[in-house]
Every structure is written in C-alpha cells, then in structure tokens.
Amino acid sequence: MRKKFLYFLALALVLSACKKVPITGRKQVKLLPSSTLNSMSFTNYRDFLQSNRLSNNAEQTNMVKEVGKNIQNAVVKYFASQGQSKYLEGYSWEFNLVEDPLVNAWCMPGGKVVVYTGLLPVAKDRDGLAVVMGHEIAHAIANHGNERMSQGLVTQMGGIGLGVALSQKPQQTQQLFMGAYGVGTQVGALLPFSRLHESEADELGLIFMAMAGYKPEAAVPFWERMAAASGGGAPPEFLSTHPSHSTRIKRLKEAIPKAKAYASRYGK
C-alpha cells in the first residue's frame, strides 16, 4: 500500500513540477524552490571555505576569478537578451581556488564555484579552465542538482517536503544536498550527476565559454588530457556517471559549431 502511495505521490509531483532546461529545452522535474536551495548553498559554501584552505597563489587565484567573472557576465547577458533575467534571481556569484591536489571543481546553486588547485595543471590555460568552469556553471544553470534533490526526496525520504526533511532528518538531508552538487560524493543509490546531466552540461558549458570569448575547441584537448591523467583507469561508461572520454570528445566536436553560433549572436 505504501509503495502504491509513493508511486502516485511521485507521479503527482512530477506532473506538477515539469520545467525546461534553458537552451536545450529538455523537460525536467524541479520540486524545490530556487530561493531555498540558494540559501542552503550559501551556508554550505561558507562552511566549506572555512574548513578548506584557499590558495595563496595570487596569479592562479586571479585567473580563476577572471575566467569565472567572464562566464558569469556572458550568462547574465544571454538571459537578459532573452527577457529571462529573473531566471538568475537570487544568484550571488563567487569564485574561489582551494588548495587541494584533487582534479576537481564544482558549482553550487546561486553561482558558488570552487576550483581545486589539482585541476590547474590539466586545464593548462584560461581556455582549458573555461571548459571546466563553464561545465560546472552549466550544472547549476540547468538545475541538475535540483533534479537530484527532488529525486532523492521522493525515493529516499518518501516524498516529504524539504522543510520537513530539514527538521526531521537534517543529517540525511545535508548529505543529499552535498551529493546532489558533487561535493565529496561517492557512487551510491543517488549518483552525483547522470550521464544525461554530464552531456547536457558539456553542451551548455561550451556555449557559455564561447559567449565569454574563450575557444570552445579547447574542450577537446582538455578532455584528452583528462583521459591521459586518468591513466586508463576510468570505469566502463555503463558504470560511470560521466560519458566515456571517447564519447564525450565526439559529442563535444559535434557541439562546437553550435557554441560558435551562440557566441556570434550573443557573445562579446
């Protein structure tokens, strides 16, 4: 009986919460208000920065902030051109470089971005860095974390509201939030981002970086370097949340003309 109730609850929630991802137009389910997620994001981002060491390399830090700001400006300009500035309401953009050897970066709701120093040797330059930062910002713009959180509230918590989840199951809800945004996640019942989300973020990220004045072609050598950095140790595609390197590179090559077209129309 409970399973049937949860099924109909989930169906009702899905039908009432269908939205579309900007640019790609894919339909998605967002059950959570952006204002609530932004509030959670700002708190968790502050806590993360307090418990992790910021880089003291001024040149690298400035590069991260410069690339991030340029992509931010391109995104804001694009949404304004579409009469959709309200879509970014509540954003409080921030870009920080953290001392950590991990090859990683992420973006929480509201434009809260972290790049790890371990990523910089693979990124190599501003174009390579724009590939990653555009991709991570795209996850936030496309509300992929909201989708993951919405799915988790239905599948893991029986469809209870976020407010109830926070008051009754604060630790589990906190883990769900951090997992939904790829911060310290591990493979489990809810993967940080699906292959669909990764491919969508690749496409949107290319468009964002191109509109910001960076070369979308840089995405191909960047992911080739990522493949080399993994030393062939990446899991098979069907076991991974990320597309295989060969699949990703093929799709990126196909998406470059679209990114250039957006840059020509909406870029600097």
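Tutor: Helices are DSSP runs of H or I with at least four residues, and strands are runs of E with at least two, both numbered from the N terminus. This is a predicted model, where local features need pLDDT of at least 70 and side-chain atom pairs count only at pLDDT 80 or more, while totals for chains, interfaces and linings use all residues. Residues are numbered from 1 along each chain as its sequence is written, and side-chain values use heavy atoms, without hydrogens and water.

Student: Which helices each supply at least two residues of the lining of the largest cavity?

Tutor: They are α5 and α9 (195–211). Helix α9 gives the most, with 5 residues.

Student: What makes this space a cavity?

Tutor: On a 1 Å grid over the protein atoms alone, a cavity is a set of points where a 1.4 Å probe fits but cannot get out. The structure holds 1 cavity of 30 Å³ or more, and the largest has about 40 Å³ of space, a volume filled by probe spheres set on the points.

Student: How do you know which residues line the largest cavity?

Tutor: A lining residue has an atom within 4 Å of a point. Val-131, His-135, Ala-201, Asp-202, Gly-205, Leu-206, Met-209, Trp-223 and Leu-252 make up the lining. By class, that gives 6 nonpolar, 2 polar and 1 charged. Gly counts as polar, as do the others outside two lists: Ala, Val, Leu, Ile, Met, Phe, Trp, Tyr, Cys and Pro are nonpolar, and Asp, Glu, Lys and Arg are charged.

Student: Why are α10 and α11 called roughly antiparallel?

Tutor: Helix α10 (residues 219–229) and helix α11 (residues 245–266) pack at about 175 degrees, with axes 9 Å apart. Roughly antiparallel means over 145 degrees, so α10 earns that name relative to α11. An axis is a line fitted to C-alpha atoms, for helices over the stretch in contact, and angles run from 0 to 180 degrees between N-to-C directions.

Student: What meets what between α10 and α11?

Tutor: Ala-219, Val-220, Trp-223, Glu-224, Met-226 and Ala-227 of α10 touch His-245, Arg-248, Ile-249, Leu-252, Lys-253 and Ile-256 of α11, where contact means heavy atoms within 4.5 Å. This contact has 8 nonpolar, 1 polar and 3 charged residues.

Student: Why are α5 and α10 called roughly perpendicular to each other?

Tutor: Their angle is about 80 degrees, with axes 9 Å apart. The range for roughly perpendicular is 65 to 115 degrees, so the name fits this pair. Gly-128, Val-131 and Val-132 of α5 make the contact with Ala-219, Phe-222, Trp-223 and Arg-225 of α10. Its classes are 5 nonpolar, 1 polar and 1 charged.

Student: Why do β3 and β4 stand at the edges?

Tutor: The order in this open sheet of 3 strands is β3-β5-β4, with mixed pairing. Both β3 (94–98) and β4 (105–108) have a single partner strand, so one side of each lacks a neighbour in the sheet. From one strand to the next, the twist averages 15 degrees.

Student: How do you know that β4 and β5 pair?

Tutor: Pairing needs at least two bridges found by DSSP, and β4 shares 4 bridges with β5 (residues 112–116), in the antiparallel sense. One bridge links Cys-107 with Val-113 in β5. Helix α3 (residues 58–81) packs on the sheet, touching β3 and β5, with its direction at about 150 degrees to that of β3. Helix α5 (residues 126–141) lies across β3, β4 and β5, at about 30 degrees to β4.

Technical notes:
Parallel < 35°, antiparallel > 145°, perpendicular 65-115°, else oblique. 1 Å grid on protein atoms, 1.4 Å probe; cavity = no way out; pocket = protein on both sides within 12 Å on 5 of 7 lines; lining within 4 Å.
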